[in-house]
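Visitor: Please walk me through this protein. I would like to know what packs inside and which charges pair.

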Amino acid sequence: MPDPALSQALKEAFASAPSGTVILDTLEIWHPSFTEPIRVVRDHADLTARLEAGAPRDGGKQVTFTALAFEFSPPPVDTAPVPEITVTLDNVGSDITDALEGAAISQQVIEITWRPYLSTDLDGPHMDPPITMTLTDVEADTMRVTGRARMLDAGNKSFPSITYTARRFPGLAR
């Protein structure tokens, strides 16, 4: 099933793999305890690229993604109730592990955003909007950080978001 969020240029790059164009996967990891987001690119050199205008942090600005080896595959476009993937960051430094350890003890979620760029066009990600997932089950050792990322679990969200109690709504009590 095709993903309508992908740009036409990225669809062509996936389909034909032109020799002069490289798809650059980037990840942005964010937690409210961070002073700035952790931004990495799966490449051998750092990448300076423009974020989409609607980005929650630094929208429309050029930012630097640090080169880092990581394993990641986009979530499948299928009928699974909550798409889930595994993200592995290799050869991480103490700055990333310390930041993730600090985030792990809080009650707030760690967000991870995937933005694919084309090496021939760095004026914005080639997915609109980019995919943002919640990072859970994070494990770290001296060389590797592994976590599971999942999309918003809309099936387990309360709707409406109001909890009806007898105290707030006395007509419910007999």
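Guide: A nonpolar core is a set of buried Ala, Val, Leu, Ile, Met, Phe, Trp, Tyr and Cys residues joined through side-chain atoms within 4.5 Å. Buried means under 20% relative accessible area, exposed over 50%, and partly exposed in between (1.4 Å probe, protein chains only). This is a predicted model: local features need pLDDT of at least 70, side-chain atom pairs count only at pLDDT 80 or more, and totals for chains, interfaces and linings use all residues. Residues are numbered from 1 along each chain as its sequence is written, and side-chain values use heavy atoms, leaving out hydrogens and water.

Visitor: Which residues touch the most other members of the largest nonpolar core?

Guide: In soluble globular proteins, nonpolar side chains tend to be buried together. Here β1, β2, β6, α2, β7, β8 and β9 each give two or more residues to the core; helices (H or I, at least four residues) and strands (E, at least two) are DSSP runs, numbered from the N terminus. The core has 25 residues, and those touching the most other members are Leu27, Ile29, Phe72, Val87 and Leu89.

Visitor: Which residues does the second, separate core include?

Guide: This second core is separate and has nine residues. Among them are Val41, Leu47, Ala55 and Tyr117.

Visitor: Which are the edge strands of the open sheet?

Guide: Two strands pair if DSSP finds at least two bridges between them. The nine strands run in the order β3-β4-β2-β1-β7-β8-β9-β6-β5, with mixed pairing. An edge strand pairs on one side only, and that picks out β3 (47-50) and β5 (70-71).

Visitor: Which residue in β9 stands opposite Glu84?

Guide: Strand β6 (residues 84-90) and β9 run antiparallel, joined by seven bridges. Opposite Glu84, in β9, stands Arg150.

Visitor: Why do the buried residues of α2 line one face of the helix?

Guide: In α2 (residues 94-104), the buried residues are Ile96, Thr97, Leu100 and Ala103. The face turned away from them carries the exposed residues Ser94, Asp95 and Glu101. Seen down the axis, with directions taken from the axis to the C-beta atoms, the buried residues line one face because they fall within an arc of 125 degrees.

Visitor: Which residues does Thr97 touch, not counting those up to four places away in sequence?

Guide: Thr97 counts as buried because its relative accessibility is 12%. Contact means heavy atoms within 4.5 Å. By that test, Thr97 touches Val92, Ala140, Asp141 and Val145.

Visitor: How far apart in sequence are the parts that Glu28 and Arg57 tie together?

Guide: A salt bridge is a side-chain nitrogen of Lys or Arg within 4 Å of a carboxyl oxygen of Asp or Glu. Glu28 and Arg57 form one, with the closest N and O atoms 3.1 Å apart. Both residues are buried. Glu28 lies in β1 and Arg57 in the loop between β3 and β4, so the parts tied together are 29 residues apart.

Visitor: Is Arg39 buried or exposed?

Guide: Arg39 forms a salt bridge with Asp58, the closest N and O atoms being 3.0 Å apart. Asp58 is partly exposed, at 32% relative accessible area. Arg39 has a relative accessible area of 9%, so Arg39 is buried.

Visitor: Which residues do salt bridges that share partners join into one network?

Guide: Glu111 and Arg57 also meet in a salt bridge (3.8 Å, N to O). This pair links β7 with the loop between β3 and β4, 54 residues apart. Shared partners give one network: Glu28, Arg39, Glu52, Arg57, Asp58, Glu111 and Arg115.
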